Amino acid sequence: MYQYYYNNIFPPYPTYTIPYRQYPSPDTNQFMNSAMRIHEMMNSAQTIVNHIARSKDFSTRLMNAAQGSNIAEVNRLVKSIQTPYSPIAHFSPDGLVLTFFIKQKLILPLILAANYK
């Protein structure tokens, strides 16, 4: 068998401390601007959701186009609702996903998903 010799040079627990980090003072302008943009996108999303919820004819046409994989018709129907932010529509036979972007950039997305099956 091997003999084990305990080396008493190192203590059984670490003795180092994490240095205290100084964070810069917060600048809330960008954060507040992002919140305002999200609020505007949510208003656009609410307008579209209200139109879908209140119009049986529109909902039927949108579901039929999505279930038939007619992306041009789905986008045309969604964009027919006048909102400042037009979403990008993705769909499957089970549901519809509307993604809102700021100026069509991939920053600050707002994603709505609705199942119809």
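In which sense do β1 and β2 pair, and over how many bridges? In this predicted model, the two strands pair in the antiparallel sense, and 4 bridges link them. A hairpin of 3 residues joins β1 to β2, and within this pairing His-90 has Val-97 of β2 as its bridge partner. On β2 there is also a pairing with strand β3 (residues 110-115), which runs antiparallel to β2 and is joined to it by 6 bridges; here Leu-98 stands opposite Leu-112 in β3. Strand β2 is mostly covered, since 5 of its 6 residues are buried.

Two helices can be read alongside these strands, and the table lists their buried residues.

| Helix | Buried residues | Arc of the buried residues |
|---|---|---|
| α2 | Phe-58, Ser-59, Leu-62, Ala-65, Ala-66 | 135° |
| α3 (residues 71-79) | Val-74, Leu-77, Val-78 | 95° |

Helix α2 has 12 residues and reaches 16 Å from its first C-alpha to its last, which is close to the 16 Å expected at 1.5 Å a residue. Seen down the axis of α2, the buried residues fall within an arc of 135°, so they line one face of the helix. That buried set packs against α1, α3, β1 and β2, whereas Lys-56 and Asp-57, on the other side of α2, are exposed. Just after α2, Ser-69 takes a positive phi of about 60°.

In α3, Val-74, Leu-77 and Val-78 are buried. Because these buried residues fall within an arc of 95° when seen down the axis of α3, they line one face of the helix. What covers them includes α1 (29-54), α2 (56-67), β1 (88-91) and β2 (95-100).

Note on methods:
Residues are numbered from 1 along each chain as its sequence is written. This is a predicted model: local features need pLDDT of at least 70, side-chain atom pairs count only at pLDDT 80 or more; totals for chains, interfaces and linings use all residues. Side-chain values use heavy atoms; hydrogens and water are left out. Buried means under 20% relative accessible area, exposed over 50%, partly exposed in between (1.4 Å probe, protein chains only). The arc is that of the directions from the helix axis to the C-beta atoms. Contact means heavy atoms within 4.5 Å. Two strands pair if DSSP finds at least two bridges between them. The expected span of a helix is 1.5 Å times one less than its number of residues.
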